Amino acid sequence: TYQRYQRECPYKIQNCRVIKSRKPGDDPEQILAACQLNWKARKPQDKSDNIVFIEWLGCLPEHMNQGWGSLLIQWAAEFAQREWRVRSLTLYVVQANQDAVRLYRRKGFVEQYDKKRSGAWNKWTTRLTSVMCMGMDRHWNVLTMEKDLTTMAIVI
């Protein structure tokens with residue numbers, strides 16, 4: 001849960017946004033959706049070349065399709081550009097989660113490609129990584145997607 005994460009990783013909370021319920025009668029601490037950003041330095045001397053990625057983005061199932069994911073993606077893009085002055089925002093998504101893939105595409109994310117030969121075909125193939133779900137004996141294909149931030153105006 002978010003509260004456990006807050007206790008165990010307090011240094012990461014500054015790069016996190018949560019959306020809580022404001023409906024009368026709802027628990028004011030009820031988290032509807034949340035987004036966590038993280039970054040990795042490619043070249044410590046050039047901050048603009050850092051990789052900023054959405055570490056996680058989630059919404060309670062009963063609050064999906066209400067615009068919370070779009071709002072958090074917009075926050076992530078603006079925060080990454082304003083705070084870290086990076087050129088792009090990266091995320092990893094399970095390829096089978098087509099609802100999420102469609103959302104990310106609508107928000108300007110595009111699949112990243114590696115130029116590889118696939119069998120007899122010489123074509124661009126989507127960069128996929130096989131990952132192991134924690135504690136589960138199941139592999140997932142993970143799609144890398146990236147959003148170009150260079151065309152966005154910096155919001156201060």
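## Exposure, and where Arg-102 falls

Buried here means under 20% relative accessible area, exposed means over 50%, and partly exposed is whatever lies in between. This is a predicted model, so take the values below as computed from it. With a relative accessible area of 41%, Arg-102 is therefore partly exposed.

Its salt-bridge partner is Asp-99, with the closest N and O atoms 2.5 Å apart. Asp-99 comes in at 57% relative accessibility, so it counts as exposed. Both Arg-102 and Asp-99 sit in helix α3 (residues 98-106), three residues apart, or about one turn of the helix.

## The other salt bridges

How many salt bridges are there? The count comes to three. Another one pairs Glu-111 with Arg-105, and here the closest N and O atoms are 2.3 Å apart. The two ends get rather different labels: Glu-111 is buried, at 12% relative accessibility, while Arg-105 is partly exposed, at 41%.

Then there's the bridge between the side chains of Glu-83 and Arg-82, at 3.3 Å from N to O. Glu-83 has 42% relative accessibility, which makes it partly exposed. Arg-82 is partly exposed too, with a relative accessible area of 26%.

## Helix α2

Glu-83 and Arg-82 bring us to α2, which covers residues 68-84. This helix has 17 residues and spans 23 Å from first C-alpha to last, close to the 24 Å expected at 1.5 Å a residue. Right after α2 comes Arg-85, with a positive phi near 55°.

Which residues of α2 are buried? They are Gly-69, Leu-72, Ile-73, Trp-75, Ala-76, Ala-77, Phe-79, Ala-80, Gln-81 and Trp-84.

## The nonpolar core

The largest nonpolar core has 28 residues, and the ones touching the most other members are Leu-37, Ile-54, Leu-89, Val-93, Tyr-104, Phe-109 and Met-145. At least two residues of this core come from each of β2 (31-40), β3 (51-59), α2, β4 (88-94), α3 and β9 (139-148). Which element gives the most to this core? That's α2, with eight residues.

## Around Met-145

Met-145 is worth a look of its own. Setting aside neighbours within four places in sequence, Met-145 is in contact with Leu-89, Thr-90, Leu-91, Val-93, Val-101, Tyr-104, Arg-105, Phe-109, Val-110 and Glu-111. Among these contacts are Arg-105 and Glu-111, the pair joined by the 2.3 Å salt bridge. Leu-89, Val-93, Tyr-104 and Phe-109 are also on Met-145's contact list, and they turn up with Met-145 among the core residues that touch the most other members.

Key
Residues are numbered from 1 along each chain as its sequence is written. This is a predicted model: local features need pLDDT of at least 70, side-chain atom pairs count only at pLDDT 80 or more; totals for chains, interfaces and linings use all residues. Side-chain values use heavy atoms; hydrogens and water are left out. Helices (H or I, at least four residues) and strands (E, at least two) are DSSP runs, numbered from the N terminus. The expected span of a helix is 1.5 Å times one less than its number of residues. Buried means under 20% relative accessible area, exposed over 50%, partly exposed in between (1.4 Å probe, protein chains only). A salt bridge is a side-chain nitrogen of Lys or Arg within 4 Å of a carboxyl oxygen of Asp or Glu. A nonpolar core is a set of buried Ala, Val, Leu, Ile, Met, Phe, Trp, Tyr and Cys residues joined through side-chain atoms within 4.5 Å. Contact means heavy atoms within 4.5 Å.
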